[in-house]
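Student: Hi! I have a model open and would like to talk through how its inside is packed. Could you walk me through it?

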Amino acid sequence: MSQTKTELLQGNLYINGEWVSEEEQTYFESINPATQELVGTCAAATASQVDDAVRAASTAYSHWKNTSIPERAAFLTKAAEIFEDRKEELAQVMTKEMGKPLSESIGEVGVVIATAQYMAGEGRRLFGEIVPAGFPDRDIKMIREPLGVVACITPWNFPVSLASYKMFAALIAGNTVVWKPASEVALSAKIFMEVLHAAGLPKGTINLLTGSGRIVGQKLATHSEVKIISFTGSTEVGQQLAEMSSKTLKRISLELGGKNAVIVLKDADLNKAAEGIVKSAFTTTGQRCTAASRVIVERSVKEELLKKVIAVTKEMKIGNGLDEGVVIGPLVNEQQCRLVENYVQKAVEEGGNIAFGGRALSELGTCYYMPTIIDNVHSNHTIAQEEIFGPVLAFIEVNGYEEAMSVNNGTMYGLSTSIYTSSLHYASRAAKDAVSGLVYINNGTSNAEMGVAFGGMKMSGNGHREVSHHAFDVMTEWKSVYTNY
(Lines give C-alpha, C1' and ligand atoms only; values in the text may rest on other atoms or scores of the structure.)
Protein backbone atom coordinates (compact mmCIF):
# COMPACT_ATOMS: atom_id res chain seq x y z
CA MET A 1 0.00 0.00 0.00
CA SER A 2 1.51 3.33 -1.02
CA GLN A 3 2.07 6.04 1.50
CA THR A 4 -0.13 9.14 1.41
CA LYS A 5 1.13 12.68 1.78
CA THR A 6 -0.45 13.03 5.19
CA GLU A 7 1.64 10.12 6.45
CA LEU A 8 4.94 11.74 5.49
CA LEU A 9 7.16 12.87 8.36
CA GLN A 10 9.23 16.02 8.62
CA GLY A 11 12.27 16.39 10.81
CA ASN A 12 13.64 19.75 11.87
CA LEU A 13 16.59 20.47 14.12
CA TYR A 14 16.35 20.50 17.90
CA ILE A 15 18.47 23.26 19.41
CA ASN A 16 18.25 24.76 22.91
CA GLY A 17 14.98 22.99 23.71
CA GLU A 18 13.13 24.01 20.54
CA TRP A 19 12.44 22.60 17.07
CA VAL A 20 14.01 25.09 14.69
CA SER A 21 14.59 25.74 11.00
CA GLU A 22 15.91 28.65 8.98
CA GLU A 23 13.98 30.48 6.30
CA GLU A 24 16.30 29.07 3.64
CA GLN A 25 16.66 25.65 5.28
CA THR A 26 17.35 22.81 2.85
CA TYR A 27 15.92 19.33 3.35
CA PHE A 28 16.89 15.83 2.30
CA GLU A 29 14.68 12.77 1.79
CA SER A 30 14.40 9.59 3.83
CA ILE A 31 13.59 6.65 1.53
CA ASN A 32 12.25 3.24 2.53
CA PRO A 33 14.76 0.71 1.11
CA ALA A 34 12.08 -2.01 0.97
CA THR A 35 9.66 -0.07 -1.22
CA GLN A 36 11.55 3.05 -2.41
CA GLU A 37 8.70 5.12 -1.00
CA LEU A 38 9.32 8.47 0.63
CA VAL A 39 9.19 8.23 4.42
CA GLY A 40 9.68 11.95 4.96
CA THR A 41 12.07 14.88 4.78
CA CYS A 42 14.70 16.10 7.22
CA ALA A 43 16.51 19.38 7.72
CA ALA A 44 20.15 19.63 6.71
CA ALA A 45 21.96 21.63 9.37
CA THR A 46 24.17 24.52 8.33
CA ALA A 47 27.53 25.42 9.86
CA SER A 48 25.92 28.30 11.77
CA GLN A 49 23.31 25.94 13.22
CA VAL A 50 26.12 23.66 14.41
CA ASP A 51 27.55 26.68 16.22
CA ASP A 52 24.12 27.41 17.70
CA ALA A 53 23.76 23.86 19.01
CA VAL A 54 27.24 23.76 20.53
CA ARG A 55 26.69 27.18 22.11
CA ALA A 56 23.40 26.00 23.62
CA ALA A 57 25.02 22.86 25.01
CA SER A 58 27.96 24.84 26.38
CA THR A 59 25.65 27.33 28.10
CA ALA A 60 23.50 24.54 29.58
CA TYR A 61 26.56 22.68 30.90
CA SER A 62 27.18 24.93 33.91
CA HIS A 63 23.67 24.22 35.21
CA TRP A 64 23.51 20.54 34.25
CA LYS A 65 26.84 19.56 35.83
CA ASN A 66 25.61 21.07 39.11
CA THR A 67 22.29 19.26 38.94
CA SER A 68 22.26 16.43 41.47
CA ILE A 69 22.78 12.95 40.10
CA PRO A 70 19.41 11.67 41.42
CA GLU A 71 17.72 14.50 39.53
CA ARG A 72 19.62 13.67 36.34
CA ALA A 73 18.63 10.04 36.82
CA ALA A 74 14.97 11.00 37.18
CA PHE A 75 14.99 12.45 33.66
CA LEU A 76 16.33 9.17 32.25
CA THR A 77 13.78 7.15 34.19
CA LYS A 78 10.99 9.35 32.83
CA ALA A 79 12.38 8.96 29.31
CA ALA A 80 12.31 5.17 29.70
CA GLU A 81 8.59 5.34 30.51
CA ILE A 82 7.86 7.47 27.44
CA PHE A 83 9.94 5.22 25.18
CA GLU A 84 7.78 2.32 26.37
CA ASP A 85 4.66 4.23 25.30
CA ARG A 86 6.11 5.08 21.87
CA LYS A 87 7.95 1.80 21.27
CA GLU A 88 5.79 0.60 18.36
CA GLU A 89 5.77 3.99 16.64
CA LEU A 90 9.55 4.40 16.85
CA ALA A 91 10.13 0.81 15.71
CA GLN A 92 7.89 1.29 12.68
CA VAL A 93 9.82 4.37 11.57
CA MET A 94 13.19 2.64 12.06
CA THR A 95 12.10 -0.28 9.90
CA LYS A 96 10.81 2.06 7.20
CA GLU A 97 14.04 4.07 7.19
CA MET A 98 16.72 1.34 7.23
CA GLY A 99 14.88 -1.90 6.50
CA LYS A 100 15.46 -4.19 9.48
CA PRO A 101 12.58 -6.49 10.50
CA LEU A 102 10.05 -4.91 12.83
CA SER A 103 10.82 -7.45 15.56
CA GLU A 104 14.45 -6.29 15.56
CA SER A 105 13.40 -2.64 15.71
CA ILE A 106 11.08 -3.31 18.65
CA GLY A 107 13.93 -5.14 20.38
CA GLU A 108 16.20 -2.17 19.76
CA VAL A 109 13.79 0.23 21.46
CA GLY A 110 13.78 -2.23 24.36
CA VAL A 111 17.56 -1.80 24.55
CA VAL A 112 17.11 1.98 24.72
CA ILE A 113 14.71 1.57 27.64
CA ALA A 114 17.09 -0.79 29.44
CA THR A 115 20.01 1.59 28.84
CA ALA A 116 18.11 4.54 30.30
CA GLN A 117 17.26 2.52 33.39
CA TYR A 118 20.79 1.14 33.71
CA MET A 119 22.51 4.52 33.38
CA ALA A 120 20.05 6.09 35.81
CA GLY A 121 21.20 3.52 38.37
CA GLU A 122 24.87 3.90 37.49
CA GLY A 123 24.67 7.56 38.48
CA ARG A 124 24.75 6.46 42.11
CA ARG A 125 27.96 4.52 41.38
CA LEU A 126 30.10 7.36 40.04
CA PHE A 127 32.47 6.62 42.88
CA GLY A 128 35.69 8.44 43.57
CA GLU A 129 38.63 7.27 45.68
CA ILE A 130 40.14 8.13 49.06
CA VAL A 131 43.94 7.94 48.92
CA PRO A 132 46.18 7.63 52.04
CA ALA A 133 48.24 10.78 52.41
CA GLY A 134 52.00 10.79 52.74
CA PHE A 135 51.95 13.64 55.26
CA PRO A 136 50.15 14.17 58.57
CA ASP A 137 47.04 16.32 58.80
CA ARG A 138 46.11 15.81 55.16
CA ASP A 139 43.20 14.16 53.33
CA ILE A 140 43.31 13.26 49.64
CA LYS A 141 40.38 12.33 47.46
CA MET A 142 39.93 11.78 43.74
CA ILE A 143 36.59 12.58 42.15
CA ARG A 144 35.08 12.14 38.69
CA GLU A 145 33.99 15.30 36.90
CA PRO A 146 32.25 15.84 33.54
CA LEU A 147 34.14 17.52 30.72
CA GLY A 148 31.51 19.63 28.94
CA VAL A 149 29.95 19.25 25.50
CA VAL A 150 29.92 15.74 24.02
CA ALA A 151 29.37 15.29 20.28
CA CYS A 152 27.71 11.92 19.62
CA ILE A 153 27.94 10.71 16.02
CA THR A 154 25.96 7.54 15.36
CA PRO A 155 25.37 5.14 12.42
CA TRP A 156 22.21 3.96 10.65
CA ASN A 157 22.31 0.22 11.48
CA PHE A 158 21.22 0.71 15.10
CA PRO A 159 19.61 4.15 14.94
CA VAL A 160 18.64 4.57 18.60
CA SER A 161 20.33 1.95 20.77
CA LEU A 162 23.86 3.13 19.94
CA ALA A 163 22.74 6.71 20.52
CA SER A 164 21.41 5.76 23.94
CA TYR A 165 24.70 4.10 24.92
CA LYS A 166 26.55 7.33 24.27
CA MET A 167 24.07 10.02 25.26
CA PHE A 168 22.72 8.52 28.47
CA ALA A 169 26.25 7.90 29.78
CA ALA A 170 27.18 11.47 28.88
CA LEU A 171 24.09 12.94 30.52
CA ILE A 172 24.20 11.02 33.80
CA ALA A 173 27.88 11.99 34.16
CA GLY A 174 26.92 15.67 33.91
CA ASN A 175 27.87 16.47 30.32
CA THR A 176 25.65 18.07 27.69
CA VAL A 177 25.17 16.63 24.21
CA VAL A 178 25.04 17.53 20.53
CA TRP A 179 23.87 14.52 18.51
CA LYS A 180 24.53 13.94 14.82
CA PRO A 181 22.74 10.75 13.64
CA ALA A 182 23.23 9.13 10.23
CA SER A 183 21.10 10.81 7.57
CA GLU A 184 19.44 7.52 6.61
CA VAL A 185 17.69 7.41 10.01
CA ALA A 186 17.12 11.08 10.75
CA LEU A 187 13.37 10.64 11.32
CA SER A 188 13.98 7.93 13.89
CA ALA A 189 16.30 10.39 15.62
CA LYS A 190 13.51 12.98 15.59
CA ILE A 191 11.18 10.67 17.54
CA PHE A 192 14.01 9.80 19.95
CA MET A 193 14.50 13.50 20.59
CA GLU A 194 10.77 14.09 21.03
CA VAL A 195 10.87 11.57 23.87
CA LEU A 196 13.74 13.34 25.62
CA HIS A 197 11.96 16.67 25.16
CA ALA A 198 8.81 15.19 26.72
CA ALA A 199 10.91 13.89 29.63
CA GLY A 200 11.65 17.52 30.47
CA LEU A 201 15.40 17.76 30.02
CA PRO A 202 16.52 21.39 30.50
CA LYS A 203 17.06 23.56 27.42
CA GLY A 204 20.37 23.00 25.68
CA THR A 205 21.17 19.82 27.59
CA ILE A 206 20.72 17.77 24.44
CA ASN A 207 20.56 18.99 20.82
CA LEU A 208 19.88 17.25 17.50
CA LEU A 209 21.61 18.11 14.22
CA THR A 210 20.70 16.14 11.10
CA GLY A 211 22.51 16.51 7.81
CA SER A 212 25.78 15.91 6.11
CA GLY A 213 28.82 14.45 7.81
CA ARG A 214 30.99 16.78 5.75
CA ILE A 215 29.33 19.85 7.30
CA VAL A 216 28.04 18.71 10.69
CA GLY A 217 30.52 15.96 11.58
CA GLN A 218 33.63 17.88 10.57
CA LYS A 219 32.45 21.05 12.28
CA LEU A 220 31.85 19.15 15.53
CA ALA A 221 35.24 17.43 15.28
CA THR A 222 37.08 20.72 15.03
CA HIS A 223 34.88 22.90 17.27
CA SER A 224 36.82 24.31 20.21
CA GLU A 225 33.83 24.03 22.60
CA VAL A 226 33.31 20.31 21.96
CA LYS A 227 35.32 18.36 24.54
CA ILE A 228 34.49 14.75 23.60
CA ILE A 229 33.71 12.97 20.33
CA SER A 230 31.91 9.63 20.69
CA PHE A 231 31.67 7.93 17.30
CA THR A 232 30.43 4.60 15.97
CA GLY A 233 31.00 3.86 12.29
CA SER A 234 33.61 2.85 9.77
CA THR A 235 37.30 2.68 10.60
CA GLU A 236 38.09 5.07 7.76
CA VAL A 237 35.79 7.81 9.08
CA GLY A 238 36.98 7.15 12.63
CA GLN A 239 40.56 7.80 11.55
CA GLN A 240 39.54 11.07 9.90
CA LEU A 241 37.69 12.24 13.00
CA ALA A 242 40.64 11.34 15.22
CA GLU A 243 42.96 13.38 13.04
CA MET A 244 40.64 16.40 12.95
CA SER A 245 39.87 16.34 16.67
CA SER A 246 43.52 16.04 17.66
CA LYS A 247 44.11 19.71 16.88
CA THR A 248 41.97 20.73 19.87
CA LEU A 249 43.09 17.80 22.05
CA LYS A 250 39.57 16.40 22.27
CA ARG A 251 38.96 13.09 23.95
CA ILE A 252 37.65 10.71 21.28
CA SER A 253 35.96 7.35 21.66
CA LEU A 254 35.83 5.20 18.52
CA GLU A 255 33.74 2.05 18.04
CA LEU A 256 34.65 0.92 14.54
CA GLY A 257 34.48 -1.98 12.09
CA GLY A 258 35.06 -5.69 12.42
CA LYS A 259 35.89 -8.83 10.46
CA ASN A 260 34.49 -11.22 13.02
CA ALA A 261 35.02 -14.96 12.91
CA VAL A 262 33.35 -18.05 14.27
CA ILE A 263 35.91 -20.79 14.91
CA VAL A 264 34.42 -24.28 14.79
CA LEU A 265 36.57 -27.16 16.05
CA LYS A 266 35.90 -30.80 15.20
CA ASP A 267 34.56 -31.55 18.69
CA ALA A 268 31.86 -28.84 18.48
CA ASP A 269 28.10 -29.34 18.53
CA LEU A 270 27.59 -28.59 14.84
CA ASN A 271 23.86 -28.00 15.11
CA LYS A 272 24.34 -25.30 17.72
CA ALA A 273 27.25 -23.88 15.76
CA ALA A 274 25.17 -23.64 12.58
CA GLU A 275 22.35 -21.83 14.39
CA GLY A 276 24.78 -19.38 16.00
CA ILE A 277 26.64 -18.75 12.75
CA VAL A 278 23.51 -17.96 10.74
CA LYS A 279 22.07 -15.69 13.40
CA SER A 280 25.37 -13.81 13.72
CA ALA A 281 25.94 -13.54 9.98
CA PHE A 282 22.53 -12.59 8.63
CA THR A 283 20.62 -10.77 11.40
CA THR A 284 20.20 -7.10 10.42
CA THR A 285 21.09 -8.33 6.90
CA GLY A 286 24.71 -8.60 8.02
CA GLN A 287 24.85 -4.86 8.67
CA ARG A 288 26.40 -5.09 12.15
CA CYS A 289 29.90 -4.29 13.30
CA THR A 290 29.77 -7.60 15.23
CA ALA A 291 28.31 -9.67 12.37
CA ALA A 292 30.06 -12.97 11.67
CA SER A 293 31.62 -12.76 8.23
CA ARG A 294 34.10 -15.65 8.51
CA VAL A 295 33.69 -19.27 9.57
CA ILE A 296 37.07 -20.81 10.38
CA VAL A 297 36.42 -24.53 10.56
CA GLU A 298 38.51 -27.67 11.00
CA ARG A 299 38.78 -29.50 7.71
CA SER A 300 37.30 -32.79 8.90
CA VAL A 301 33.90 -31.25 9.77
CA LYS A 302 33.72 -28.49 7.16
CA GLU A 303 31.38 -30.23 4.71
CA GLU A 304 28.94 -31.28 7.40
CA LEU A 305 28.91 -27.82 8.98
CA LEU A 306 28.47 -26.14 5.58
CA LYS A 307 25.40 -28.28 4.83
CA LYS A 308 23.87 -27.42 8.20
CA VAL A 309 24.52 -23.68 7.79
CA ILE A 310 22.93 -23.71 4.33
CA ALA A 311 19.91 -25.61 5.67
CA VAL A 312 19.34 -23.08 8.45
CA THR A 313 19.82 -20.16 6.04
CA LYS A 314 17.20 -21.53 3.64
CA GLU A 315 14.60 -21.29 6.40
CA MET A 316 14.99 -17.50 6.72
CA LYS A 317 12.21 -15.42 5.16
CA ILE A 318 13.37 -12.43 3.15
CA GLY A 319 11.23 -9.37 2.48
CA ASN A 320 9.84 -6.08 3.71
CA GLY A 321 10.69 -5.74 7.40
CA LEU A 322 7.12 -4.72 8.16
CA ASP A 323 5.73 -8.04 6.86
CA GLU A 324 5.03 -10.79 9.34
CA GLY A 325 7.64 -13.53 9.61
CA VAL A 326 10.39 -11.66 7.76
CA VAL A 327 13.79 -12.11 9.37
CA ILE A 328 16.01 -10.63 6.63
CA GLY A 329 15.11 -7.22 5.24
CA PRO A 330 16.70 -5.16 2.48
CA LEU A 331 20.09 -3.53 2.66
CA VAL A 332 19.95 0.11 3.67
CA ASN A 333 20.22 1.46 0.11
CA GLU A 334 21.12 0.58 -3.47
CA GLN A 335 24.73 1.67 -2.99
CA GLN A 336 25.18 -0.89 -0.22
CA CYS A 337 23.62 -3.58 -2.42
CA ARG A 338 26.05 -2.81 -5.25
CA LEU A 339 28.94 -2.92 -2.78
CA VAL A 340 27.92 -6.41 -1.65
CA GLU A 341 27.62 -7.53 -5.29
CA ASN A 342 31.14 -6.31 -6.00
CA TYR A 343 32.60 -8.18 -3.01
CA VAL A 344 30.90 -11.42 -4.04
CA GLN A 345 32.19 -11.04 -7.59
CA LYS A 346 35.69 -10.38 -6.26
CA ALA A 347 35.48 -13.49 -4.07
CA VAL A 348 34.65 -15.67 -7.09
CA GLU A 349 37.46 -14.10 -9.11
CA GLU A 350 39.91 -15.00 -6.32
CA GLY A 351 38.81 -18.64 -6.28
CA GLY A 352 35.83 -18.78 -3.94
CA ASN A 353 32.82 -20.97 -4.69
CA ILE A 354 29.29 -19.74 -4.08
CA ALA A 355 27.70 -22.45 -1.95
CA PHE A 356 24.45 -20.53 -1.46
CA GLY A 357 22.95 -17.23 -2.62
CA GLY A 358 25.25 -14.92 -4.51
CA ARG A 359 22.72 -12.72 -6.28
CA ALA A 360 20.54 -9.66 -5.85
CA LEU A 361 16.82 -10.31 -5.38
CA SER A 362 15.62 -7.77 -7.94
CA GLU A 363 12.20 -9.40 -7.95
CA LEU A 364 11.72 -8.06 -4.41
CA GLY A 365 13.23 -4.61 -4.98
CA THR A 366 16.42 -2.71 -5.65
CA CYS A 367 18.02 -3.17 -2.21
CA TYR A 368 17.61 -6.91 -1.60
CA TYR A 369 20.48 -9.40 -1.68
CA MET A 370 20.37 -13.08 -0.84
CA PRO A 371 22.21 -14.28 2.24
CA THR A 372 25.37 -15.61 0.64
CA ILE A 373 27.79 -18.34 1.69
CA ILE A 374 31.13 -18.65 -0.09
CA ASP A 375 33.31 -21.74 0.25
CA ASN A 376 36.97 -22.32 -0.61
CA VAL A 377 38.06 -18.95 0.76
CA HIS A 378 41.67 -18.45 1.85
CA SER A 379 42.74 -16.17 4.65
CA ASN A 380 44.45 -13.70 2.30
CA HIS A 381 41.43 -13.27 0.02
CA THR A 382 39.78 -9.85 -0.05
CA ILE A 383 36.53 -11.28 1.32
CA ALA A 384 38.44 -12.65 4.33
CA GLN A 385 40.12 -9.33 5.12
CA GLU A 386 37.77 -6.43 4.41
CA GLU A 387 34.54 -5.51 6.18
CA ILE A 388 31.59 -5.93 3.80
CA PHE A 389 28.64 -4.89 5.97
CA GLY A 390 26.25 -7.19 4.20
CA PRO A 391 24.89 -10.78 4.27
CA VAL A 392 28.06 -12.53 3.08
CA LEU A 393 29.76 -15.37 4.94
CA ALA A 394 33.14 -16.88 4.01
CA PHE A 395 34.15 -20.47 4.90
CA ILE A 396 37.87 -20.96 5.58
CA GLU A 397 39.28 -24.46 6.25
CA VAL A 398 42.09 -25.04 8.75
CA ASN A 399 43.93 -28.04 10.15
CA GLY A 400 43.50 -27.32 13.86
CA TYR A 401 43.23 -24.80 16.66
CA GLU A 402 46.63 -23.16 16.15
CA GLU A 403 45.95 -22.37 12.50
CA ALA A 404 42.40 -21.31 13.30
CA MET A 405 43.52 -18.74 15.84
CA SER A 406 46.25 -17.48 13.53
CA VAL A 407 43.66 -16.91 10.79
CA ASN A 408 41.26 -15.31 13.25
CA ASN A 409 43.88 -12.78 14.38
CA GLY A 410 45.18 -12.23 10.85
CA THR A 411 43.14 -9.13 9.99
CA MET A 412 43.47 -5.49 10.96
CA TYR A 413 40.29 -5.77 13.05
CA GLY A 414 39.72 -7.13 16.55
CA LEU A 415 36.11 -6.74 17.58
CA SER A 416 34.40 -10.10 18.16
CA THR A 417 35.52 -13.74 18.06
CA SER A 418 33.42 -16.84 18.67
CA ILE A 419 34.56 -20.43 19.18
CA TYR A 420 32.48 -23.60 19.25
CA THR A 421 34.13 -26.49 21.06
CA SER A 422 33.42 -29.02 23.80
CA SER A 423 36.99 -28.70 25.06
CA LEU A 424 37.57 -26.58 28.15
CA HIS A 425 41.22 -26.48 27.16
CA TYR A 426 40.59 -24.84 23.76
CA ALA A 427 37.80 -22.64 25.07
CA SER A 428 40.11 -21.25 27.75
CA ARG A 429 42.96 -20.79 25.30
CA ALA A 430 40.70 -18.96 22.85
CA ALA A 431 39.59 -16.53 25.54
CA LYS A 432 43.25 -15.64 26.04
CA ASP A 433 44.57 -15.94 22.48
CA ALA A 434 41.88 -14.08 20.51
CA VAL A 435 42.89 -10.48 19.82
CA SER A 436 39.31 -9.27 20.20
CA GLY A 437 37.44 -7.00 22.55
CA LEU A 438 34.65 -9.60 22.71
CA VAL A 439 35.07 -13.38 22.92
CA TYR A 440 32.13 -15.78 22.91
CA ILE A 441 32.40 -19.47 23.83
CA ASN A 442 29.72 -21.64 22.15
CA ASN A 443 27.74 -18.58 21.07
CA GLY A 444 27.68 -16.38 17.99
CA THR A 445 29.62 -13.15 17.58
CA SER A 446 26.66 -10.82 18.28
CA ASN A 447 25.15 -11.28 21.73
CA ALA A 448 26.24 -8.41 23.99
CA GLU A 449 24.51 -7.72 27.31
CA MET A 450 23.85 -4.60 29.35
CA GLY A 451 26.53 -3.75 31.88
CA VAL A 452 29.33 -5.54 30.00
CA ALA A 453 32.08 -3.45 28.40
CA PHE A 454 31.68 -3.27 24.61
CA GLY A 455 34.41 -2.34 22.14
CA GLY A 456 37.23 -3.63 19.99
CA MET A 457 40.98 -3.93 19.68
CA LYS A 458 43.36 -3.02 16.85
CA MET A 459 41.51 -1.08 14.10
CA SER A 460 38.12 -1.87 15.62
CA GLY A 461 38.47 0.93 18.15
CA ASN A 462 40.83 3.06 20.17
CA GLY A 463 40.59 1.32 23.52
CA HIS A 464 37.48 2.93 24.99
CA ARG A 465 34.37 0.96 25.96
CA GLU A 466 30.62 1.54 25.98
CA VAL A 467 27.44 0.02 27.53
CA SER A 468 28.91 -0.60 31.00
CA HIS A 469 30.17 1.75 33.73
CA HIS A 470 33.45 1.82 31.80
CA ALA A 471 31.76 4.42 29.56
CA PHE A 472 32.54 6.90 32.34
CA ASP A 473 36.24 6.53 31.56
CA VAL A 474 35.36 8.53 28.43
CA MET A 475 32.65 10.76 29.82
CA THR A 476 34.48 11.97 32.95
CA GLU A 477 37.95 13.03 34.04
CA TRP A 478 39.67 12.73 37.38
CA LYS A 479 40.25 15.62 39.74
CA SER A 480 42.57 15.15 42.73
CA VAL A 481 41.71 17.22 45.83
CA TYR A 482 44.25 17.75 48.66
CA THR A 483 42.98 19.10 51.99
CA ASN A 484 45.40 20.08 54.75
CA TYR A 485 43.89 20.56 58.22
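Tutor: Happy to. The largest nonpolar core has 57 residues, and F83, M119, M167, F168, W179, F192 and L196 have the most contacts inside it. A nonpolar core here is a set of buried Ala, Val, Leu, Ile, Met, Phe, Trp, Tyr and Cys residues joined through side-chain atoms within 4.5 Å, and buried means under 20% relative accessible area, exposed over 50%, partly exposed in between (1.4 Å probe, protein chains only). This is a predicted model, in which local features need pLDDT of at least 70 and side-chain atom pairs count only at pLDDT 80 or more, while totals for chains, interfaces and linings use all residues. Residues are numbered from 1 along each chain as its sequence is written, and side-chain values use heavy atoms, with hydrogens and water left out.

Student: What does M119 touch, leaving aside its neighbours within four places in sequence?

Tutor: M119 is in contact (heavy atoms within 4.5 Å) with L76, F168, A169, I172, V467, S468, A471 and F472. Apart from the largest core lies another one, of 30 residues, including V262, V278, A292 and M316.

Student: Switching to helix α12, which of its residues are buried?

Tutor: Within α12, residues 401-408, the buried ones are Y401, A404, M405, V407 and N408. They sit on the same side of α12 because they cover an arc of only 160 degrees around the axis, the arc being that of the directions from the helix axis to the C-beta atoms. Helices (H or I, at least four residues) and strands (E, at least two) are DSSP runs, numbered from the N terminus.

Student: And what covers the buried residues of α12?

Tutor: The cover includes the strands β13 (260-264), β14 (292-298), β17 (392-398) and β19 (416-420), along with helix α13 (424-433).

Student: Now the empty space. What is the volume of the largest pocket?

Tutor: About 1,100 Å³. On a 1 Å grid over the protein atoms alone, a pocket is an open set of points with protein on both sides within 12 Å along at least five of seven lines, a cavity is a set where a 1.4 Å probe fits but cannot get out, and lining residues have an atom within 4 Å of a point. Grid points are joined across faces, edges and corners, and a volume is the space filled by probe spheres set on the points.

Student: Which residues are closest to the centre of that largest pocket?

Tutor: Of its 39 lining residues, W156, F231, G233, S234 and V237 are the closest to the centre. Helix α8 gives the most to this lining, with six residues.

Student: How about the second largest pocket?

Tutor: That one holds about 870 Å³ of space. Its lining has 34 residues, with F158, R288, S446, N447 and A448 nearest the centre, and α4 supplies the largest share, five residues.

Student: How many cavities of 30 Å³ or more are there?

Tutor: Five. The largest cavity has about 90 Å³ of space, and G286, A291, S293, I388 and F389 lie nearest its centre among 15 lining residues.

Student: One last residue: where is Q287 found, and is Q287 buried or exposed?

Tutor: Q287 is in the loop between α9 and β14. With a relative accessible area of 1%, Q287 is buried. Not counting residues up to four places away in sequence, Q287 touches M98, W156, N157, P330, L331, V332, Q336 and F389.
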